[in-house]
Amino acid sequence: NILYSTLSAGGAQVLIQTVLPGQQWRILDIFMVGITAFAGGSGNRNLQVTDGTNVYSVIPAASIQAANRQARWGSTDVPYSSPYYAMLQNTVAGNNLVAAYSGGTNDYTSGQCTLMVVAQRVA
């Protein structure tokens with residue numbers, strides 16, 4: 001689960017933790033289930049899935065602000081990366097895959113969602 005409080009003030013939720021220095025992953029799919037809508041505090045941020053270099057998806061604020069939203073990578077709610085070829089990149093060796101806020105100016109004060117990542121270890 002990703003809680004609004006974990007992401008506040010520049011925080012990030014680790015989705016895939018790298019345990020070996022050269023470890024890399026190929027992202028195959030991402031699913032989002034919005035359990036409790038992100039809201040409050042004039043929150044307007046997006047949620048990105050990234051390894052710190054490659055951004056695999058930027059989930060729009062409207063998607064995380066809706067309760068009980070279910071979506072799969074490639075949908076309007078969990079879009080493919082832009083540019084599209086970023087989604088084809090393996091994670092950077094040794095970097096964790098994380099969910100973090102992007103864009104906007106204000107953090108949320110409530111909400112949680114679940115992101116499920118299907119990945120294949122390639123190194």
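## A buried serine in strand β5

At 0% relative accessibility, S57 counts as buried. The structure described here is a predicted model, and S57 belongs to its strand β5. Buried is the term for residues under 20% relative accessible area, so a value of 0% places S57 in that class.

The surroundings of S57 can be listed by contact. Leaving aside residues up to four places away in sequence, S57 touches I30, L47, Q48, V49, W73, V78 and P79. A further residue, S81, is 24 residues from S57 along the chain, and the C-alpha atoms of the two are separated by 4.7 Å.

## Strand β4 and its two partners

Across from S57 of β5 stands V49. Strand β4 covers residues 46-50, and four of its five residues are buried, so this strand is largely enclosed by the rest of the structure.

Two strands pair with β4. Strand β5 (residues 55-59) is antiparallel to β4 and is joined to it by four bridges. Strand β7 (residues 97-102) also runs antiparallel to β4, with five bridges between them; within β7, Y101 is the bridge partner of L47.

The connection between β4 and β5 is a hairpin with four residues between the strands. In its turn, G52 has a positive phi of about 95°.

## The open sheet

Another group of strands forms an open sheet of four, in the order β1-β8-β3-β6, with antiparallel pairing. Its edge strands are β1 (2-3) and β6 (70-72), each of which pairs on one side only.

Between β3 (residues 25-39) and β8 (residues 110-121) there are 11 bridges, and these two strands run antiparallel. One position in this pairing is G34, which stands opposite C113 in β8.

## The nonpolar core

In soluble globular proteins, nonpolar side chains tend to be buried together. In this model, the largest nonpolar core has 24 residues, and those with the most contacts inside it are I30, L47 and L115. Two or more residues of this core come from each of β3, β4, β5, α2 (61-64), β7 and β8. Strand β3 gives the most, with five residues.

Which residues does I30 touch, not counting residues up to four places away in sequence? They are V49, Y56, S57, A71, R72, W73, V78, L115 and M116. This list includes L115, another of the residues with the most contacts inside the core. It also includes S57, the buried serine of β5 introduced above. L47, for its part, is among the residues that S57 touches.

## Partly exposed positions

Is Y85 buried or partly exposed? With a relative accessibility of 48%, Y85 counts as partly exposed, because that class lies between the 20% limit for buried residues and the 50% limit for exposed ones. Y85 is located in the loop between β6 and β7. Together with Y84 and L88, Y85 makes a nonpolar surface patch of about 360 Å².

S5 provides a second case. This residue lies in helix α1 (residues 4-7) and is partly exposed, with a relative accessible area of 41%. Although S5 and Y108 are 103 residues apart along the chain, their C-alpha atoms are separated by 8.0 Å. The two serines discussed in this report thus fall into separate classes, because S57 is buried at 0% and S5 is partly exposed at 41%.

Key:
Residues are numbered from 1 along each chain as its sequence is written. This is a predicted model: local features need pLDDT of at least 70, side-chain atom pairs count only at pLDDT 80 or more; totals for chains, interfaces and linings use all residues. Side-chain values use heavy atoms; hydrogens and water are left out. Two strands pair if DSSP finds at least two bridges between them. Buried means under 20% relative accessible area, exposed over 50%, partly exposed in between (1.4 Å probe, protein chains only). A nonpolar core is a set of buried Ala, Val, Leu, Ile, Met, Phe, Trp, Tyr and Cys residues joined through side-chain atoms within 4.5 Å. Contact means heavy atoms within 4.5 Å. Patches are made of residues with over 30% relative accessible area and no salt bridge: like charges are joined within 9 Å, nonpolar side chains (Val, Leu, Ile, Met, Phe, Trp, Tyr) within 5 Å. Accessible areas come from the Shrake-Rupley method with a 1.4 Å probe; for residues, only the protein chains shown count as cover. A salt bridge is a side-chain nitrogen of Lys or Arg within 4 Å of a carboxyl oxygen of Asp or Glu.
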